[in-house]
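Welcome! Here is a short briefing to help you find your way around a protein you have not met before. Have a look at the model first, and then read on.

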Amino acid sequence: MIAQTRPAIRFTQLSANRFNVWTIAMRFFRGAKGRMERFNRSSGGWVLVRRATLQRGSAPQGANWAYSEVTFRARVPKGTLVRFVLPRNQVGPCYLAGYSLQFNTTQ
């Protein structure tokens, strides 16, 4: 059996239409395509807002982890519940799908 873990994902809103995502794991996710999703209250499910491709970030010298990030623009109304998902088919072997914490947009 192979031990599997989820990458740590932090998803933040920088301004009204700008968002930032970064991941920390034991490998880089350069080129991995993640999904920004919003919660649809009428259907009770998550709806795709925008796809974003992660780029390799710079980790401190000698770090034993890898850092990947992306900053992108997306339009969502104020107060919308959003999250960022990194699907299993994008993270590779030994990793499970990654999910950020959910938050309501503020601007």
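The secondary structure of this protein comes to one helix and nine strands. Please keep in mind that the model is predicted. Read from the N terminus, its elements follow the order β-β-β-β-β-β-β-α-β-β. The protein has a radius of gyration of 14 Å, close to the 13 Å that the globule rule gives for 107 residues, so it is as compact as a globular protein of that length.

**Overall picture**

- Taken along the principal axes, the C-alpha atoms fill a box of roughly 40 × 35 × 20 Å.
- Of the 107 residues in the protein, 36% are buried.
- Among contacts between residues at least 6 apart in sequence, 62% join residues at least 24 apart.

**The open sheet**

- Four strands form an open sheet in the order β1-β2-β6-β5, with antiparallel pairing.
- The edges are held by β1 (8-13) and β5 (55-56); each has a single partner strand, so one side of each is left without a neighbour in the sheet.
- Strands of a sheet pair through backbone hydrogen bonds, in either a parallel or an antiparallel way.
- Six bridges join β1 and β2 in the antiparallel sense, and Arg10 stands opposite Trp22 in β2.
- Eight bridges join β2 and β6, again in the antiparallel sense, and here Arg18 stands opposite Arg73 in β6.
- Two bridges join β5 and β6 in the antiparallel sense, with Gln55 opposite Glu69 in β6.

**Two residues to find in β2**

- Trp22 is found in strand β2, and its relative accessibility of 24% makes it count as partly exposed.
- Not counting residues up to four places away in sequence, Trp22 touches Ala8, Ile9, Arg10, Tyr67, Ser68 and Glu69.
- Trp22 and Gln55 are 33 residues apart along the chain, and their C-alpha atoms are separated by 9.3 Å.
- Thr23 also has its place in strand β2, but at 1% relative accessibility Thr23 counts as buried.
- In a regular strand, the side chains alternate between the two faces of the sheet.
- Leaving aside neighbours within four places in sequence, the contacts of Thr23 are Ala8, Ile9, Phe29, Leu54, Ala66, Tyr67, Ser68 and Leu86.

**Aromatic rings**

- Ten aromatic pairs turn up in a search of the whole structure.
- In the pair of Trp22 and Tyr67, the ring centres are 5.9 Å apart and the planes are at 45°; the pair counts as tilted because this angle is neither under 30 degrees, as for stacked rings, nor over 60, as for edge-to-face ones.
- This pair links distant parts of the chain, with Trp22 in strand β2 (residues 18-25) and Tyr67 in strand β6 (residues 66-73), 45 residues apart.
- Tyr67 has a relative accessible area of 17% and is buried, while its partner Trp22 is partly exposed at 24%.
- Phe11, Phe19, Phe72, Phe84 and Phe103 are linked into a cluster by ring pairs.
- A ring can also have a charge for company: the charged end of Arg56 sits over the ring of Phe28, 3.7 Å from its centre.

**The nonpolar core**

- The largest nonpolar core has 20 residues, and those touching the most other members are Phe11, Phe19, Val21, Phe29, Met36, Phe72 and Phe84.
- The elements giving two or more residues to this core are β1, β2, β6 and β7 (81-86).
- Met36 has a long contact list once its neighbours within four places in sequence are left aside, and among them are Phe11, Phe19, Val47, Leu48, Val49, Phe72, Val82 and Phe84.

**Phe103, in β9**

- Phe103 has its place in strand β9 (residues 103-104).
- Phe103 touches Phe11, Thr12, Gln13, Phe19, Thr80, Leu81 and Val82, with residues up to four places away in sequence not counted.
- Phe103 and Lys33 are 70 residues apart in sequence, and their C-alpha atoms are 21 Å apart in space.

Definitions and conventions: Residues are numbered from 1 along each chain as its sequence is written. This is a predicted model: local features need pLDDT of at least 70, side-chain atom pairs count only at pLDDT 80 or more; totals for chains, interfaces and linings use all residues. Side-chain values use heavy atoms; hydrogens and water are left out. Rings of Phe, Tyr and Trp (its six-membered ring) pair if their centres lie within 6.5 Å; planes under 30 degrees apart count as stacked, over 60 as edge-to-face and the rest as tilted. Buried means under 20% relative accessible area, exposed over 50%, partly exposed in between (1.4 Å probe, protein chains only). A charge sits over a ring if NZ of Lys or CZ of Arg is within 6 Å of the ring centre and within 35 degrees of the ring normal. Two strands pair if DSSP finds at least two bridges between them. A nonpolar core is a set of buried Ala, Val, Leu, Ile, Met, Phe, Trp, Tyr and Cys residues joined through side-chain atoms within 4.5 Å. Contact means heavy atoms within 4.5 Å. The radius of gyration is taken over C-alpha atoms; the globule rule is 2.2 Å times the number of residues to the power 0.38.
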